[in-house]
Amino acid sequence: MIQIIAGEKGEGKTKHLIDMANRSAKSSNGHVVYLDNDRDHMFDLHHNIRFIETTGFPVSGYKEFYGFICGILSQDHDIDYVYIDGLLKLSRLSIEEAQSFIEKLNEISEKYNVKFIIGMNCKEKEIPENLKSFLIA
């Protein structure tokens, strides 16, 4: 399952993601992972959430970011949720590249039963048509 929270800067996407992640950490029997590009919100997350700051890793482009995600999943088979705060910024993707990335991510989501909740800093109308079904906010 893929869910996308889209909106412009300052619209509360990160707060929404953090709230969802904290609820997931309390109710899930598996592990929860939260990816961000800085440590600003690290202490807002439940202590059981595995927080990963991505800036220390040489990842750019959707293929490298996809490999990074696969590496995380391969090391822990108990992951239920992966939260990605600011997909376009973290992975340095364009909206068009994000479309290909999310389509590939959906394949591993189904295969490994992992739910991906993604924050994207863009207007809802900029989301490609075939990704609009994933929008939740």
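This report describes the sheet, the helices and the nonpolar cores of a predicted model.

**The sheet**

Five strands make up an open sheet, ordered E1-E5-E4-E2-E3, with parallel pairing. Strand E1 (2-7) and strand E3 lie at the edges, each pairing on one side only. From one strand to the next, the twist averages 15°. Helix H4 packs on this sheet, where H4 touches E1, E4 and E5. The direction of H4 makes about 170° with that of E5.

Three of the strand pairs are listed below.

| Strand pair | Sense | Bridges | One residue pair |
|---|---|---|---|
| E1 and E5 | parallel | 6 bridges | isoleucine 4 and isoleucine 118 |
| E4 and E5 | parallel | 5 bridges | aspartate 85 and glycine 119 |
| E2 and E4 | parallel | 5 bridges | histidine 31 and isoleucine 79 |

Strand E5 thus appears in two of these rows, joined to E1 by 6 bridges and to E4 by 5 bridges. E5 is also mostly covered, with 5 of its 7 residues buried. Within E5, isoleucine 118 stands opposite isoleucine 4, and glycine 119 is the bridge partner of aspartate 85.

**Helix H2**

Helix H2 spans residues 62-75 and has 14 residues. From its first C-alpha to its last, H2 reaches 20 Å, close to the 20 Å expected at 1.5 Å a residue. Its buried residues are Phe65, Tyr66, Phe68, Ile69, Ile72 and Leu73. These residues lie on the same side of H2, because they cover an arc of only 155° around the axis. What do the buried residues of H2 pack against? Among the strands, they pack against E2 (31-36), E3 (50-53), E4 (79-85) and E5 (115-121). Among the helices, they pack against H3 (87-91) and H4 (95-112).

**Helix H1**

Two residues of helix H1 are described here. Isoleucine 18 has its place in H1 and counts as buried because its relative accessibility is 6%, under the 20% limit. Leaving out residues up to four places away in sequence, isoleucine 18 touches Tyr34, His41, Asp44 and Leu45. The C-alpha atoms of isoleucine 18 and isoleucine 136 are separated by 15 Å, and these residues are 118 residues apart along the chain.

Serine 24 is found in H1 too, which covers residues 13-27. Is serine 24 buried or exposed? Serine 24 is buried, because its relative accessible area of 6% is under 20%. Apart from neighbours within four places in sequence, serine 24 is in contact with Val32, Tyr81 and Tyr83.

**The nonpolar cores**

In soluble globular proteins, nonpolar side chains tend to be buried together. The largest nonpolar core here has 34 residues. Which of its residues touch the most other members? They are Leu35, Ile84 and Met120. At least two residues of this core come from each of E1, E2, H2, E4, H3, H4 and E5.

Methionine 120 can be followed further through its contacts, again not counting residues up to four places away in sequence. These contacts include Ile4, Ile5, Ala6, Gly7 and Lys13. Leu87, Leu88, Ile95, Ala98, Ile102 and Ile127 are also touched by methionine 120.

A second, separate core has 14 residues, including Ile5, Ile18, Ala21 and Tyr83. Of these, Ile5 is touched by methionine 120, and Tyr83 is in contact with serine 24.

Definitions and conventions
Residues numbered from 1 in each chain as written. Predicted model: local features only at pLDDT ≥ 70, side-chain atom pairs only at ≥ 80, totals over all residues. Heavy atoms only, no water. Helix = DSSP H or I, 4+ residues; strand = E, 2+ residues; numbered from the N terminus. Buried < 20%, exposed > 50% of the residue type's maximum accessible area, 1.4 Å probe, protein only. Contact = heavy atoms within 4.5 Å. Expected span 1.5 Å × (residues − 1). Arc of directions from axis to C-beta. Pairing = 2+ DSSP bridges. Axes fitted to C-alpha atoms, helices over the stretch in contact; angles between N-to-C directions. Core = buried A, V, L, I, M, F, W, Y, C linked by side-chain atoms within 4.5 Å.
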